[in-house]
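User: I'm new to this structure and would like a close look at one part of it, the three-stranded sheet and what sits around it. Could you walk me through that in plain terms?

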Amino acid sequence: MQQDYKHIPIYLHNQVMACLGEHLNQANQLLNTEYKEPKIFYKSKGSIAGSAILNRWEIQLNTTMLCENGEKFIEEVVPHELAHLITFQIYGKVKPHGKEWQYIMSEIMKQHPKVTHNFNFKRKEYVYLCDCQEHYLSSIRHNKIEKNKISYQCRKCGSILKLKNFV
């Protein structure tokens with residue numbers, strides 16, 4: 001996986017590692033375990049704040065959301081993802097936000113077991129026009145159009161979408 005460390009200010013990376021260390025030490029003490037520090041990876045796009053790669057003992061964090069939301073992001077997402085890793089180690093494959101994960105979050109991480117985030121992040125959308133309305137396309141669809149690999153039609157009027165501008 002491509003690393004995106006150059007886009008992470010060192011103070012944020014240090015805060016991520018401090019938060020991870022604090023919650024990992026807490027978990028090891030309460031569970032009487034010696035879990036090692038998981039690897040941290042950064043990815044630069046998407047709407048997922050973080051994910052735990054269970055079988056590799058890794059945590060992936062969204063670079064954009066981390067930079068835009070800082071400490072709030074770290075305090076919410078790092079323990080959330082660490083709880084997934086620990087849950088997998090203890091219980092094996094279970095429901096991602098099931099009772100086992102909720103127990104680890106509330107009793108071990110001492111965090112509210114919140115399933116979704118509401119972080120601000122800027123998503124680039126491209127405005128396309130047809131004969132009857134505006135359409136907002138993602139960067140992925142826009143790039144496919146730009147590379148002449150695909151075109152999109154309006155479901156209402158059937159005309160091909162044409163780029164207006166991007167927001």
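Analyst: Let's start with strand E3, where 5 of the 5 residues are buried, so the strand is largely enclosed by the rest of the structure. Keep in mind that this is a predicted model. E3 covers residues 58–62. Its side chains go two ways: Glu 58, Gln 60 and Asn 62 point to one side, Ile 59 and Leu 61 point to the other, and all of them are buried.

Now for the sheet that E3 belongs to. It is an open sheet of 3 strands, in the order E1-E3-E2, and the pairing is mixed. Strand E1 (39–43) and E2 are the edge strands; each has a single partner, so one side of each is left without a neighbour in the sheet. On average, neighbouring strands here are turned by 20 degrees against each other, if you ignore direction. As background, strands of a sheet pair through backbone hydrogen bonds, and they can do that in a parallel or an antiparallel way.

Take the E1 side. E1 and E3 pair in the parallel sense, over 5 bridges. You can follow the match-up along the strands: Lys 39 has Glu 58 of E3 as its bridge partner, Phe 41 has Gln 60, and Lys 43 stands opposite Asn 62. Although E1 is at an edge of the sheet, 4 of its 5 residues are buried, so E1 too is largely enclosed by the rest of the structure.

On the E2 side, the sense flips. E2 and E3 pair in the antiparallel sense, over 4 bridges. Ser 51 has Gln 60 in E3 as its bridge partner. That puts Gln 60 in both pairings, since Gln 60 is also the partner of Phe 41.

E2 and E3 form a hairpin, with 4 residues between them. Trp 57 lies in that loop, and its backbone is worth a look. Trp 57 has a positive phi of about 55 degrees although it is not a glycine. Most residues other than glycine have a negative phi. Trp 57 is also buried: its relative accessible area is 15%, and the cut-off for buried is under 20%.

For contrast, you can find another positive phi elsewhere in the model. Lys 110, again not a glycine, has a phi of about 60 degrees. Lys 110 sits in the loop between helix H3 (99–108) and strand E4 (125–129). Whereas Trp 57 is buried, Lys 110 counts as exposed, at 53% relative accessibility.

Back to the sheet, and to the helices that go with it. Helix H1 (residues 10–31) packs on the sheet and touches E1 and E3; the direction of H1 makes about 140 degrees with that of E1. Helix H2 lies across E1, E2 and E3, and runs at about 155 degrees to E3.

One residue to pick out on H2 is Lys 72. At 47% relative accessibility, Lys 72 counts as partly exposed. Setting aside its neighbours within four places in sequence, Lys 72 is in contact with Asn 118 and Phe 119. Lys 72 and Phe 119 are 47 residues apart in sequence, yet their C-alpha atoms are 8.9 Å apart in space.

H2 also takes us to a pocket. The second largest pocket has a volume of about 220 Å³. It is lined by 15 residues, and the closest to its centre are Gly 50, His 80, Glu 81, Val 115 and His 117. Strand E2 (50–53) and helix H2 (63–91) are the elements that give two or more residues to this lining. H2 gives the most, with 5 residues. Sorted by class, the lining has 5 nonpolar, 7 polar and 3 charged residues.

So to retrace the route: E3 runs between E1 and E2 in the sheet order, H2 lies across all three strands, and E2 and H2 both contribute to the lining of the second largest pocket.

Conventions:
Residues numbered from 1 in each chain as written. Predicted model: local features only at pLDDT ≥ 70, side-chain atom pairs only at ≥ 80, totals over all residues. Heavy atoms only, no water. 1 Å grid on protein atoms, 1.4 Å probe; cavity = no way out; pocket = protein on both sides within 12 Å on 5 of 7 lines; lining within 4 Å. Points joined across faces, edges and corners; volume = space filled by probe spheres on them. Nonpolar A, V, L, I, M, F, W, Y, C, P; charged D, E, K, R; others polar. Pairing = 2+ DSSP bridges. Axes fitted to C-alpha atoms, helices over the stretch in contact; angles between N-to-C directions. Contact = heavy atoms within 4.5 Å. Buried < 20%, exposed > 50% of the residue type's maximum accessible area, 1.4 Å probe, protein only.
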